[in-house]
Amino acid sequence: MTDIIIKNLPILVVICPLMMSLIVVLIPYNFLSWVITLSTTFITFIFSLLLYQEVYLHTSISYALGNWAPPLGIEYVIDKVSIVPIIIISLISFITTIFSSKIMPAEINSSSISKVYSLWLLAIAGLIGLVTTGDAFNLFVFLEISSLASVALVAMGGQKDKQGLVAAYNYLVLGAVGATLYVIGVGLLYGITGTLNLADLSKRIAEINDNKALIAGFGFMIIGIMVKAAVFPLHIWLPRAYAYAPSAVSVLLAATATKASLYILARILFSVFDISDTLIINTLQYVILPLSILAMFAGTIMAIFEKDIKRLLAHSSIAQIGYITLAFAIGTKASVAAGFIHLFNHALIKGALFMAITSMSFYINKRITINNLSGLGREMPITFVCFVICSLSLAGIPLTAGFISKLYIIKASISADGIWIAMLILASSALSVVYLWKMIEALWFHEGPKNLLIKENSLVYIPLLIITFLNIYFGLDASLVVNSSFEASEQLLGARK
Amino acid sequence: MISLETYILITILSPLIVFLVTPLLSRNPNLRDLLGPLGGVISSYGAIEIMNAVLEGKIPKLDVLDIADGIKIGFEVTPLGAIFGLVASVLWIFAAIYSVGYMRGNQEKNQTRFYTFYAMAVHAALCIAYSGDLLTLFIFYEVLTFSTYPLVAHKQNELAQKAGRLYMSILVGSSVIFLLPAIICVWVLTGSLDMSKNGVLEGNLNPEYAPYLLAIFAFGIGKAALIPIHKWLPAAMVAPTPVSALLHAVAVVKAGVFTMLLILTNVFGIDFLSKTGASTWLIWLASFTLLITSIIAIYKDDIKARLAYSTISQLSYITLGGALASAMATQGAVLHIVTHAAGKITLFFVAGAIYVGAKMSKISELNGHGKSMPLIFLAFFIGSLSIIGVPPMAGSWSKFFLMLGAAESGHLFVLVVFSISTILNAYYLMEIPARAFFLKKDRDIKVKMPTLITIPIICTCFLTIILFFAMEPFQKLTSIMVN
């Protein structure tokens with residue numbers, strides 16, 4: 001029995017949430033549907049931990065779907081690279097599911113709760129599938145599954161605030177554009193190489209020199225994925241979608257959705273194509289690098305002037321995505337590893353910040369803007385302390401996870417002869433202190449409404465405490481994250497350079 | 001034989017234990033109030049032993065945690081750290097006794113919270129003193145800021161809230177925006193966060209960039225209160241006086257100048273600085289701060305506000321001493337940490353005593369009250385003499401060395417700055433005892449002075465005189481530091 005599970009782990013992590021989402025939709029009892037969702041995400045998390053162990057035993061697991069041997073059949077590949085986002089997604093989705101138990105019924109009509117959980121699991125399945133698959137077209141399918149599920153989830157925010165519908169519509173259209181661009185790129189590459197298997201594709205691309213269609217295909221794929229990953233300036237769907245989605249959905253999406261796409265971006269750049277190719281070098285240097293730097297500053301500055309806190313955090317996410325793509329764009333092993341470190345840490349940081357803000361909005365039953373943040377910190381000390389710790393983590397203060405990722409990004413950029421890049425990173429992270437301090441100041445120092453009589457709910461703050469604890473833990477003992485990320489970048493770039 | 005690690009632990013953990021135990025004793029105020037002085041004595045014992053070890057040339061060391069790749073938390077006592085640690089722990093004893101007198105005499109609320117964070121702040125200051133690398137230093141620098149916030153905002157009225165906000169904004173802001181990036185720069189340049197006796201940057205940093213890096217550091221260390229980031233210190237004076245006395249005359253601000261000196265000597269290195277002239281601009285800025293704040297102090301009628309500006313000006317003496325980049329001036333700067341601490345804590349104690357005993361906080365109200373509180377004003381007089389630098393008070397030593405250093409480094413205008421400032425010091429400090437003793441009383445006031453306030457004042461007042469004759473170990477330590 002265990003043998004079968006171990007053998008089929010690569011598909012189990014995808015199939016488990018996918019199948020359960022079909023079952024959850026039929027459950028008429030809201031509580032039961034939550035319990036099923038929770039156990040599913042928990043089992044998925046356990047599976048992904050087992051998978052981590054397996055990957056480190058065998059370096060790379062290839063799983064032929066339906067026993068059709070690749071490159072003809074669909075192949076699932078789990079290696080030291082893809083395990084990083086798998087762990088992130090399954091871990092965060094488990095914690096967020098706990099968090100959603102009290103938050104969800106407050107915002108969603110009770111008749112649609114089980115549907116929401118069904119979509120929830122579907123989105124998770126899509127994201128994990130996106131990361132595990134080794135097939136370019138199957139990747140497109142999962143990309144669509146996850147985005148359509150997320151769009152529907154965002155649209156659920158429309159039950160409380162009509163803005164949610166607008167946000168979902170925006171997300172839908174732009175997401176569809178991104179996916180279409182991606183699939184056009186896949187079509188072009190298929191036309192040239194005759195294969196859809198990513199590993200095979202990479203081998204055949206290496207044999208072709210100087211083909212205009214190849215360049216076009218690459219361009220379409222990259223831009224499609226960049227839309228999904230919300231790389232500046234293709235990010236415009238993101239702030240609205242994060243801001244007006246139901247609270248728990250914001251947390252899930254903020255922590256996981258773009259991470260999966262960023263992983264795909266790295267995969268295409270470094271493993272399908274060749275980093276020593278001038279096409280990739282030019283893309284990294286003249287497209288992604290400048291865009292990342294713009295993102296760092298634009299996101300931060302927009303966050304400074306933003307009043308709605310969920311949007312503020314979304315803008316800050318754009319800046320943080322900028323750090324990750326910047327690390328990828330530098331293109332050395334150390335920098336790609338730094339990118340993966342930040343991929344992981346940022347999921348923890350942003351997940352926690354969104355969790356803290358949405359639980360505040362749950363307690364006072366209002367949208368959180370900078371004005372009604374006043375004095376809330378004194379009313380809900382646990383949430384406030386978690387918020388402060390995670391803000392410190394975002395600002396990159398020592399003893400938190402954020403410090404580690406910032407340090408490695410800076411180190412990598414300097415060793416790649418980019419002192420000025422390091423200066424820009426420092427400058428932008430110094431600017432981020434401005435908006436973080438703005439929130440903390442309002443929360444603690446401003447005079448707030450009296451007699452709110454808020455009692456913090458344990459089901460709401462325990463997941464927040466867990467994720468805050470992880471922020472500190474990975475700031476104190478970074479070896480696990482750092483080593484896994486270096487292994488990942490070694491595997492991603494090792495064969496090439 | 002107790003090992004040196006244990007002494008470090010004794011020194012830094014005893015305030016932490018006080019921090020943890022105080023809240024448990026909130027029902028038993030007498031026992032609770034005993035904890036502070038007791039912790040101070042134990043902590044000082046450790047600090048003295050550490051200082052003796054450093055005098056013998058040993059380097060007490062304690063590794064705590066290894067995060068990743070040369071990033072670690074640990075303690076390693078430098079001569080400078082040994083001095084600062086001793087000052088903070090010994091003065092904590094007196095300040096803890098004084099706090100009891102002050103808080104009870106003034107019937108302050110939330111006393112347990114007060115003592116709790118008071119001990120935490122001392123803990124943070126001692127950890128700063130003994131920190132072995134820049135990361136540990138930075139972490140406890142932040143802990144110190146956060147633990148003193150509840151003390152600054154203690155009264156919880158609007159004024160205190162506002163001051164607390166300014167306090168946090170400036171100190172947290174400057175350290176996160178400037179100090180942390182500067183530390184990361186050092187890590188990137190040298191590959192580690194360690195410091196060394198002769199500096200670590202020589203050979204790793206292009207001398208052309210040195211002034212800029214130094215600027216990021218100088219403005220990152222908000223606690224050293226250079227203009228224009230000095231505003232938090234006068235604002236913090238809304239805190240109860242024991243806080244102003246120990247924290248804003250000793251622990252917090254000295255942590256600031258301590259960090260500054262450590263950066264100048266152990267990161268940049270005196271030789272590197274004097275060769276490249278990277279700190280010349282800092283000499284000018286510190287001189288400017290020193291004179292301007294002395295002049296502002298003259299116009300302050302509130303005793304604590306005047307002392308606050310006087311503190312800023314005296315802190316700049318220390319920064320200036322470090323920036324002069326000569327062995328003698330650095331020695332003077334370090335000694336000034338000691339002598340100014342003893343003198344200024346006395347002055348703040350007196351300011352608090354006048355408030356508790358006679359409910360006066362303005363200088364213009366003091367006329368003729370010297371006879372009703374003779375001991376208190378005498379202590380103020382002696383403390384002032386020490387700050388001004390008159391022998392046989394401790395302050396004369398540090399000023400002497402600073403002036404020698406200024407001459408040695410060839411920046412002769414600094415001598416002029418020192419002389420002008422001395423005259424200004426004398427002018428604004430002497431006004432207080434002069435009014436009290438020589439002017440006529442305009443009203444009668446009943447004075448009730450708690451003994452627990454008088455005793456620590458007399459002790460620290462004697463300390464300023466004793467230190468004059470007992471400067472030798474400190475002077476030896478500073479010479480170990482610069483040679």
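Helix α13 (residues 333-364) of chain A runs for 32 residues and reaches 47 Å from its first C-alpha to its last. That is close to the 46 Å expected at 1.5 Å a residue; the expected span is 1.5 Å times one less than the number of residues. Helices here are DSSP runs of H or I with at least four residues, strands are E runs of at least two, and both are numbered from the N terminus.

This is a predicted model, in which local features need pLDDT of at least 70, side-chain atom pairs count only at pLDDT 80 or more, and totals for chains, interfaces and linings use all residues. Residues are numbered from 1 along each chain as its sequence is written, while chains are lettered from A and ligands numbered from 1 in the order in which they are written. The model scores ipTM 0.78 and pTM 0.85. Chain B has a mean pLDDT of 87, and 100% of its residues reach 70 or more. (pLDDT is the predictor's confidence in each residue, from 0 to 100.)

**Helices and strands of chain A**

α13(A) is mostly covered, with 29 of its 32 residues buried. A residue is buried if 20 or more other C-beta atoms lie within 10 Å of its own, exposed if 12 or fewer, and partly exposed in between; the C-beta atoms are placed from the backbone. After α13(A) comes Asn365(A), whose phi is positive, near 60 degrees.

Helix α12 (residues 309-330) of chain A holds Ala319(A). Ala319(A) counts as buried because it has 26 C-beta neighbours inside 10 Å. Leaving out residues up to four places away in sequence, Ala319(A) touches Ala295(A), Met296(A), Gly299(A), Thr300(A), Ala303(A), Ser428(A) and Ser432(A). Contact means that the C-beta atoms of two residues, placed from the backbone, lie within 7 Å. Val272(A) is 47 residues from Ala319(A) in sequence and 26 Å from it in space, C-alpha to C-alpha.

Chain A also has strands. Strand β1 (residues 60-64) pairs with β2(A) in the antiparallel sense, over five bridges. Pairing requires at least two DSSP bridges between the strands. Ile61(A) has Ile78(A) as its bridge partner in β2(A). Strand β2 (residues 75-79) of chain A is mostly covered: four of its five residues are buried.

**The two chains**

| Chain | Helices and strands | C-alpha extent along principal axes | Buried residues |
|---|---|---|---|
| A | 19 helices, two strands | roughly 70 × 55 × 40 Å | 61% of 497 residues |
| B | 18 helices, two strands | about 70 × 55 × 45 Å | 61% of 483 residues |

Chain B has a radius of gyration of 21 Å, close to the 23 Å that the globule rule gives for 483 residues, so it is as compact as a globular protein of that length. The radius is taken over C-alpha atoms, and the rule is 2.2 Å times the number of residues to the power 0.38. Chain A has 21 Å, which agrees with the value near 23 Å for a compact globule of 497 residues.

In chain A, 79% of the contacts between residues at least 6 apart in sequence join residues at least 24 apart. For chain B, residues 24 or more positions apart account for 82% of the contacts with a separation of 6 or more.

**Where the chains meet**

The contact takes 20 residues from chain A and 16 residues from chain B. On the chain B side, β1 (61-68), α5 (134-152) and α6 (158-190) are the elements giving two or more residues. α6(B) gives the most, with nine residues.
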